[in-house]
Amino acid sequence: MPAERREQILDAALNVFARHGFHKATIKQIAREAGLKSPALIYWYFPSKADLFHAVVQRLAGLFSHLTEYEPLLNQPPEDLLLRLAQQYLAIFDNPQAENLFRTLVADALRAPGCSSELVEQSIGRVVNFLVAYFGRQIELGHLRPHNPEASARAFLGALNAFVMSRTFFPPLHTGLPDRDTYAAHIVSIFLDGLRAEGPPCSDGC
């Protein structure tokens with residue numbers, strides 16, 4: 001029962017934070033959303049609103065966890081693995097609550113830096129770290145030309161985030177873009193056209 005009540009509160013908090021943002025949301029609103037008789041019941045599980053927001057952010061970060069389970073696949077060809085990762089990354093934001101909370105986190109980033117930085121570290125940061133390792137391995141295998149994997153990892157993810165940002169914050173910029181999966185396929189194709197190795201791997205680390 002306590003575990004179920006905790007999840008009930010988290011569900012309600014996710015909805016309220018998404019609608020009102022961290023600073024305008026109140027414990028009373030969250031209690032009402034959760035169907036609790038008293039807002040004080042929330043404090044049995046979360047000492048403060050900040051702690052509750054922290055828990056909600058961790059839940060959102062969990063949506064990204066499956067994207068970092070590719071370590072056994074470092075040898076997979078980039079046209080296959082990058083497409084799968086790109087499509088699954090963009091699919092996360094088809095979840096309306098994830099998109100709304102993403103909007104909240106961006107809007108509140110300056111006023112709640114601890115929460116947003118944790119989200120980046122535990123979710124998007126993990127994806128960046130995997131991409132760095134993956135691009136490094138593909139360079140070793142001679143599938144991609146030598147380059148800086150730190151830069152290419154961020155460039156690749158940045159192209160995906162541009163899709164999310166345009167849809168979430170700047171709808172006019174989203175006009176004319178293809179559907180999610182087609183966009184992912186285009187980005188992978190464009191990206192690999194620039195990084196594909198044209199000859200044997202460089203032996204002197206050039």
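How much area does the protein expose, and what share of it do carbon and sulfur atoms supply? The protein exposes about 10,800 Å², and carbon and sulfur atoms supply 56% of that; accessible areas come from the Shrake-Rupley method with a 1.4 Å probe, and for residues only the protein chains shown count as cover. The model is a predicted one, so to speak of local features takes a pLDDT of at least 70 and side-chain atom pairs count only at pLDDT 80 or more, while totals for chains, interfaces and linings use all residues. Numbering runs from 1 along each chain as its sequence is written, and side-chain values use heavy atoms, with hydrogens and water left out.

As for the overall fold, there are nine helices and zero strands (DSSP runs numbered from the N terminus: H or I of at least four residues for helices, E of at least two for strands). Of the 206 residues, 40% count as buried, where buried means under 20% relative accessible area, exposed over 50%, and partly exposed in between (1.4 Å probe, protein chains only). Among contacts (heavy atoms within 4.5 Å) with a separation of 6 or more, 70% are between residues 24 or more positions apart.

The inside comes next. The largest nonpolar core (buried Ala, Val, Leu, Ile, Met, Phe, Trp, Tyr and Cys residues joined through side-chain atoms within 4.5 Å) has 34 residues, and Leu82, Tyr89, Leu90, Leu131, Phe135, Phe156 and Leu160 touch the most other members. Helices H4 (78–92), H6 (113–140), H7 (149–168) and H9 (180–195) each supply at least two of its residues, with H6 giving the largest share, nine residues. Leaving out residues up to four places away in sequence, Phe156 touches Leu82, Leu85, Ala86, Leu131, Phe135, Ile187, Val188 and Phe191. A second, separate core of 24 residues includes Ile42, Phe46, Ala55 and Val56.

Aromatic rings deserve a look too. The structure holds ten aromatic pairs, counting rings of Phe, Tyr and Trp (its six-membered ring) with centres within 6.5 Å; planes under 30 degrees apart are stacked, over 60 edge-to-face and the rest tilted. Tyr134 and Phe135 make a tilted pair, 6.1 Å centre to centre with 55 degrees between the planes. Tyr134 is buried at a relative accessible area of 0%, and Phe135 is buried with 0% as well. Ring pairs link Phe130, Tyr134, Phe135, Phe156 and Phe191 into a cluster.

Back to H7: its 20 residues should span 28 Å at 1.5 Å a residue, and its end C-alpha atoms are 28 Å apart, which agrees (the expected span is 1.5 Å times one less than the number of residues). Its buried residues include Pro149, Phe156, Leu160, Phe163 and Ser166. At the start of H7, a side-chain oxygen of Asn148 comes to within 2.8 Å of the backbone nitrogen of Glu150.

Two polar contacts round things off (N or O atoms within 3.5 Å; within protein, one able to donate a hydrogen and the other to accept it, with residues adjacent in sequence counting only if both atoms are side-chain atoms). His174, in helix H8 (residues 171–174), counts as buried because its relative accessibility is 19%. Its side chain joins that of Ser166 at 2.8 Å. Gln138 sits in H6 and is buried with a relative accessible area of 0%. The side chain of Gln138 makes a polar contact of 2.8 Å with that of His143.
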